[in-house]
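This report introduces one molecular structure to a reader who has not met it before. The sequence and the structure are shown first.

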Amino acid sequence: MQKKDFEQMLSFIKNYPYIKNSLTYSAKLSPILTMITYGLLLFEYFILKKDFQIRILLVPLITLLFITIIRSSIDRPRPFEEFNYDPL
């Protein structure tokens, strides 16, 4: 991402408080909803004694490990760090 592109996106978002608030709220809410949904899935399989499949545990674990390895190997600063801006 170029600095000019980042500045344009950031200024657009900051000029519209509704968009800024929506993005901030959704960024905080999405991990919570993901954890709740995954917890309900595990509840359904463990507590209700449905046919358990190892994929339910392995796919999220492998995905987390894969993404962690990729992000640590790229080791690139985030745009707000690179261009010295405060994050939203």
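The sections below treat the basis of the model, one helix and its end, and a nonpolar surface patch.

## Basis of the model

This is a predicted model, in which local features need pLDDT of at least 70 and side-chain atom pairs count only at pLDDT 80 or more, while totals for chains, interfaces and linings use all residues. Residues are numbered from 1 along each chain as its sequence is written, and side-chain values use heavy atoms, with hydrogens and water left out.

## Helix α3 and what follows

Helix α3 covers residues 55-74 (helices are DSSP runs of H or I, at least four residues, numbered from the N terminus). Its 20 residues should span 28 Å at 1.5 Å a residue, and the end C-alpha atoms are 28 Å apart, which agrees. The expected span is 1.5 Å times one less than the number of residues.

Just after α3, Asp75 has a positive phi of about 50°. Pro79 belongs to helix α4, residues 79-82. From C-alpha to C-alpha, Pro79 lies 28 Å from Leu61, at a separation of 18 residues in sequence.

## The nonpolar patch

A nonpolar surface patch of about 1,100 Å² includes Phe43, Phe46, Leu58 and Leu61. Patch residues have over 30% relative accessible area and no salt bridge (a side-chain nitrogen of Lys or Arg within 4 Å of a carboxyl oxygen of Asp or Glu); nonpolar side chains (Val, Leu, Ile, Met, Phe, Trp, Tyr) are joined within 5 Å. Accessible areas come from the Shrake-Rupley method with a 1.4 Å probe, and only the protein chains shown count as cover for residues.

Helices α2 (17-46) and α3 each supply at least two residues of the patch, and α3 gives the largest share, 6 residues. Leu58 is located in α3 and is partly exposed, because its relative accessibility is 37%, and partly exposed lies between buried (under 20%) and exposed (over 50%).

Notes: Patch = residues over 30% accessible without salt bridge, like charges linked within 9 Å, V, L, I, M, F, W, Y side chains within 5 Å. Buried < 20%, exposed > 50% of the residue type's maximum accessible area, 1.4 Å probe, protein only.
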